[in-house]
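User: Could you take a close look at one residue for me and then show how it fits into the protein as a whole? I would enjoy a friendly walk-through.

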Amino acid sequence: MSSLSELMLNVGESKTMALSALIKELKAEGKDVLSFTAGEPDFNTPEFIKKAAIKAIHNNFTRYTANEGDPELLKAIIEKFAKDNDLRFEPKNILVSSGAKHSIYNVLMALCNPGDEVIFQSPYWVSYPEMVKLAGAKPVVIETHAEEKFKITPEQLEKAITPKTKVFLFNTPSNPTGAVYSKDEILALAEILKRNDVFIISDEIYEKIVFDKEKHFAIGSVEALREKTITINGVSKAYAMTGWRIGYAAGNEKIIRLARNLQSHSTSNACSISQAAAVAALTQHSEEVTGMVIAFQKRRDFIVDELNRIDGIHCPLPKGAFYVFFDVSKFFGKTTDHTKITDSTSFCDYLLKEERVGLVPGIAFGNDKCVRMSYACSYEEIIDGINRIKSGLKKLG
Ligand SMILES: Cc1ncc(COP(=O)(O)O)c(C=O)c1O
């Protein structure tokens, strides 16, 4: 066989997707597995959104739409940005894609040349390093820790910027840590970015899931950064619409044009029916949506409290998204008859095999001391899961 793509051989599979697939397999075999690996709300898509999709089917809104998205959805997105984020766009500034993941990939491809550097922080969302490599660029990771609430400082950012830096890839609220940058913290980072010739991709997919009166602030609304920032958002997390696959990118027309061109030769428009559903999600106010955030906050309080009662675990309080990310390194070096815990992977493997409880190893996010646990699940599952974790940890000597 002749050789395969060097580029693709250098890109690993999504660790979180692989783990979710393994857990589904175990469940299909009838095993009693409790999974806390999901990166999606456990709620159903609200009825009014489903109705809009059904109506679209009946109206035969089932053909190709414009590559960049149907004009009605572009209008809804423009209004959303004006209302929520003080961002002013025209249709030429927007590209609708098949999920925010697709949006980020399209924009990285539009911006990067070989040898360019893309800065982002760890713990990071699993796909950032691989997407950067796919775009031919080099990931540059700034490490953050629980003590600094998993946020980078302006000094760290300034130090990481070199003449090769092309993009600062920013994510607030963050997956996996749940960190939310305040407006002041963002303005401090903006001071550094203003002075440097760097683009910003701002991934705001968890914008709506923030707690404790925390407010999301869009970095693209800082006057000096408007032309340099591409803002990414979508409907997956805020409206429990992960399977519908609608994300969008908005910003500088020249960058968006290149991203549109790429999309026109790869996937074309996002699903027409999902686009109609997304219009409903973005334009109709719904108690269901605010209800989800309230439910997430209550579960967060519960799970953080429960985890912190376990000897050896300290779980910081996340301010957004629906994950807890906590240090388990106190258990490294511990053993049972058949296992030794040495890192986040062996920790998660042990709990999956021994107690049938699924957590994501922190190494998938660039931090090998921690694990991620999603609380997009019921209280019963959280209680059962915590008991299983406790039981597994007790067996370690
Ligand atoms: C930080 C972050 N960005 C982007 C995405 C992509 O979301 P989607 O492609 O479902 O819109 C995810 C999904 O898990 C995420 O966690």
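**A close look at Lys133**

Analyst: Happy to help! Lys133 counts as partly exposed, because it has 18 C-beta neighbours inside 10 Å, and a residue needs 20 or more to be called buried. Do keep in mind that this is a predicted model.

As for its place in the chain, Lys133 belongs to helix 6, which covers residues 127-134. Leaving aside residues up to four places away in sequence, Lys133 touches Asn10, Val11 and Pro139. Another residue you may want to find on screen is Glu117: 16 residues separate Lys133 and Glu117 in sequence, and their C-alpha atoms are 9.9 Å apart in space.

Now let's step back to the whole protein. Helix 6 is part of a secondary structure made up of 13 helices and twelve strands. The radius of gyration is 21 Å, close to the 21 Å that the globule rule gives for 397 residues, so the protein is as compact as a globular protein of that length. Its C-alpha trace spans about 60 × 55 × 55 Å along the principal axes. While Lys133 is partly exposed, 47% of the 397 residues count as buried. Of the contacts between residues at least 6 apart in sequence, 73% join residues at least 24 apart.

Finally, a word on the ligand. Its surroundings consist of 13 residues, and the closest are Gly99, Ala100, Lys101, Asn175 and Ser236. By type, this shell holds eight polar, three nonpolar and two charged residues.

Note on methods. Residues are numbered from 1 along each chain as its sequence is written. This is a predicted model: local features need pLDDT of at least 70, side-chain atom pairs count only at pLDDT 80 or more; totals for chains, interfaces and linings use all residues. Helices (H or I, at least four residues) and strands (E, at least two) are DSSP runs, numbered from the N terminus. The radius of gyration is taken over C-alpha atoms; the globule rule is 2.2 Å times the number of residues to the power 0.38. A residue is buried if 20 or more other C-beta atoms lie within 10 Å of its own, exposed if 12 or fewer, and partly exposed in between; C-beta atoms are placed from the backbone. Two residues are in contact if their C-beta atoms, placed from the backbone, lie within 7 Å. A residue is near a molecule or strand if its C-beta atom, placed from the backbone, lies within 6 Å of it. Ala, Val, Leu, Ile, Met, Phe, Trp, Tyr, Cys and Pro count as nonpolar, Asp, Glu, Lys and Arg as charged, and the others, Gly among them, as polar.
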